[in-house]
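Trainee: Could you take me through the salt bridges in this one, and then the spots around them? I'd like a close look rather than a quick tour.

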Amino acid sequence: MHLFSILISQIINGLQSGAIYALVALGYSMVYGIILLLNFAHGDIIMVGAYAVWFSMAHLGLHPIPSMLLAVAASTLLGVLIEKLAYTPLRSAPRLSLLITAIGVSFLLENSFQLIFGAGAQTVPNLISGPSLQVGSVTVSFSAMLTILVSVICMAGLTFLVQKTKLGKAMRAVSENMSAAQLMGISLNRTISFTFAMGSALAGVGSVLYLCTYGQASPTMGSMLGLKAFVAAVLGGIGSLPGAMIGGFAIGLTEALVSAAGLSVWKDGAVFAILIVVLLVKPTGLLGKPMVEKV
Amino acid sequence: MNQRKAVLPMSARYLINAALCLALILGLKGLSASGLLSDYFTKILILVGINIILAVSLNVATGYLGQLPLGHAGFMAVGAYTGGIFLKSVNAAAMSGAPLVLTIAAAILLSGAVAALFGVIIGVPALRLKGDYLAIITLGFGEIIRVVITNIDSVLGFDFTYGASGLKRIPKFTGALNVFLCVVMTCLVIHMVMKSRHGRSILSIRENEIAAESCGVNTTFYKVMAFTMSAFFAGVAGCLYAGNLGSLQPGGFGFMKSIEILVMVVLGGMGSMLGSVVSATVLTILPEALRSFDRYRMVVYSAALILMMIFKPSGLFGDYDFSLSRILEKLGVGKKPAGKEDAR
């Protein structure tokens with residue numbers, strides 16, 4: 001019974017971190033689906049969001065709730081800004097240039113934050129507290145419930161947006177065929193910016209949830225988080241929204257279970273091993289559409 | 001200007017280059033013997049040399065093959081640990097004279113060979129993918145190499161890589177001379193391969209993979225070959241790096257290091273050996289020359305990367321390569337050479 005309750009609580013931990021991965025993976029997947037860009041800077045948008053929360057609480061003295069909203073707004077703005085400044089000039093450039101630019105943006109953000117705020121981690125005071133849930137011998141913390149709940153709501157909202165609204169339809173059209181969508185009167189710039197805004201807003205939510213869970217922000221927190229979320233997106237099938245969610249939870253659970261088995265130092269290795277296996281066995285991921293190569 | 005189109009015979013070209021390299025070695029020896037070249041400058045020269053090897057070797061996979069591997073530091077780590085463990089286990093610190101020279105040569109070759117082996121193991125599956133997927137899978141492999149080096153000791157049950165605390169007391173064998181020789185050999189081998197039939201096959205894959213395949217180029221073979229060559233020389237650079245520092249930490253071979261090497265290649269111009277050499281030199285000397293600049297180094301690098309991609313995606317030199325024989329031929333044979341870089 002004791003072992004069982006450890007397992008259950010590890011699974012809940014896994015779901016909690018998986019929810020964050022899933023939110024971030026959604027952003028990767030959306031951006032990749034629409035302009036075929038692996039947005040390396042996406043992980044660092046989370047970092048900026050987390051710093052926004054820290055800054056507005058520690059320096060501006062704001063209440064947690066407005067600082068969270070501020071963080072989401074800052075992330076959204078940053079995502080659109082990056083897209084406008086760095087990616088739009090390269091829209092017709094080779095994919096490799098775009099990828100290198102994305103790496104450049106990621107490193108620029110990381111290193112400028114390191115320069116401004118120092119390399120150390122900034123501790124964020126407890127954002128939200130509430131009663132924890134006791135089920136038998138297992139305790140589910142409030143932040144775990146909140147994280148999972150918020151991410152599920154976000155995912156449902158995003159799915160509704162993409163499937164049912166006009167903008168979502170435009171997004172799907174652009175990802176299907178960019179030039180044909182343009183001929184149908186869809187504004188390319190607006191749709192792509194909107195995609196970046198949505199993805200970055202989710203990253204902002206992810207950063208708030210991250211802070212609720214771990215309570216720390218550091219300049220390099222985004223890179224590993226981003227990479228793992230990307231693995232999640234690949235696992236689920238890049239470009240597929242439900243795939244990104246499944247992938248995120250799967251990565252979170254894998255990490256938790258590897259840690260539960262006492263192999264926590266191999267956690268990162270296990271995640272990347274999943275990536276390699278997926279890419280070799282089924283590069284399109286669990287729910288991805290097969291890519292057809294055109295000559 | 002000059003109507004006479006003289007063509008230098010190959011043997012003359014090699015002779016000129018060999019003579020120039022020899023002159024440079026002697027000059028280097030003379031400088032360090034006369035004390036003009038201080039220890040500090042020698043250290044910087046060594047770093048420049050190691051970075052040139054890294055950049056030129058990554059350029060094979062990035063510039064010539066047209067892929068974007070992000071795990072170059074992983075191969076460097078493999079080479080560094082191979083060299084370090086080998087030198088420690090044969091107790092090279094107690095050697096001198098000819099056995100030492102042979103041991104060092106063996107260590108460098110072994111490091112390259114083991115890194116190349118990893119290159120094959122990683123390249124065969126990774127090169128089935130293209131573009132971003134290849135970038136990501138090599139990144140994954142690079143990270144796995146780092147994780148394995150950090151944690152392998154607990155699996156093996158004895159001290160092998162000394163985990164996160166680092167491999168220490170590696171004999172410091174790296175000097176300006178052997179780094180210089182390795183740089184020359186690296187550039188020579190890569191240059192010669194790229195000018196051969198195999199090199200043209202590699203370039204054809206970059207230009208258009210499907211067209212190359214339909215012309216009968218065995219694309220899988222040549223991709224793996226280029227990737228392996230790239231890994232080999234990264235391993236060589238790693239071995240020299242180990243011999244320069246005397247201690248190794250797995251954390252030094254992360255994603256950040258791979259990106260630093262990539263920045264050198266991209267700024268110099270993907271596909272230009274001259275570009276890689278020049279930008280590796282400049283980017284190594286610059287932070288040393290401007291000590292206070294060191295803090296801003298990565299910020300400036302990343303900004304330069306973005307601006308370069310937006311305004312001049314081909315890099316500083318594009319795919320232009322310096323050729324001494326071309327200049328000599330233009331001037332007519334017999335003029336004084338202006339540079340030293342043909343074979344490099």
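Mentor: Let's go through the salt bridges, then a patch and two buried residues. Keep in mind that this is a predicted model.

Over all chains, the structure holds seven salt bridges. Take A:Lys228 and A:Glu255, whose side chains pair up with N and O 2.6 Å apart. A:Lys228 sits in helix 9 (residues 221-236) of chain A and A:Glu255 in helix 10 (residues 241-260) of chain A, so this pair ties together parts that are 27 residues apart in sequence. Are these two partners buried or exposed? A:Lys228 has a relative accessible area of 6%, so it counts as buried, and A:Glu255 is buried too, at 7%.

Over in chain B, B:Glu209 makes a salt bridge with B:Lys223, with 3.1 Å between the closest N and O atoms. Here B:Glu209 belongs to helix 8 (residues 209-214) of chain B and B:Lys223 to helix 9 of chain B, so the bridge ties together parts 14 residues apart in sequence. B:Glu209 is buried at 17% relative accessible area; the cut-off for buried is under 20%. B:Lys223 is buried as well, at 4%.

Salt bridges can also share partners: A:Glu83, A:Lys84 and A:Arg91 are joined into one network that way.

Now set those beside B:Glu207 and B:Arg206, whose side chains meet in a salt bridge at 3.0 Å, N to O. B:Glu207 is exposed, with 58% relative accessible area, while B:Arg206 comes out as partly exposed at 27%.

Next, some charge on the surface. A:Lys164, A:Lys166, A:Lys169 and A:Arg172 form a positive surface patch. Helix 6 (residues 166-176) of chain A gives the most to that patch, with three residues. A:Lys166 lies in this helix, and its 75% relative accessibility makes it exposed.

For a buried spot, look at A:Met47 in helix 2 (residues 42-58) of chain A. Its relative accessible area is 0%, so A:Met47 is buried. Setting aside neighbours within four places in sequence, A:Met47 has contacts that include A:Leu109, A:Phe113, A:Pro219 and A:Met221. A:Ser175, on the other hand, is 128 residues from A:Met47 in sequence and 27 Å from it in space, C-alpha to C-alpha.

Chain B has a buried residue to look at as well: B:Asn244, in helix 9 (residues 219-245) of chain B, is buried at 6% relative accessibility. Beyond its neighbours within four places in sequence, B:Asn244 is in contact with residues including B:Lys43, B:Ile46, B:Leu47 and B:Thr174.

Definitions and conventions
Residues numbered from 1 in each chain as written. Chains lettered and ligands numbered in written order. Predicted model: local features only at pLDDT ≥ 70, side-chain atom pairs only at ≥ 80, totals over all residues. Heavy atoms only, no water. Patch = residues over 30% accessible without salt bridge, like charges linked within 9 Å, V, L, I, M, F, W, Y side chains within 5 Å. Areas by Shrake-Rupley, 256 points an atom, 1.4 Å probe, with all protein chains shown as cover. Salt bridge = Lys/Arg side-chain N within 4 Å of Asp/Glu carboxyl O. Lys, Arg positive; Asp, Glu negative; His and termini not counted. Charge placed at Lys NZ, Arg CZ, Asp CG, Glu CD. Helix = DSSP H or I, 4+ residues; strand = E, 2+ residues; numbered from the N terminus. Buried < 20%, exposed > 50% of the residue type's maximum accessible area, 1.4 Å probe, protein only. Contact = heavy atoms within 4.5 Å.
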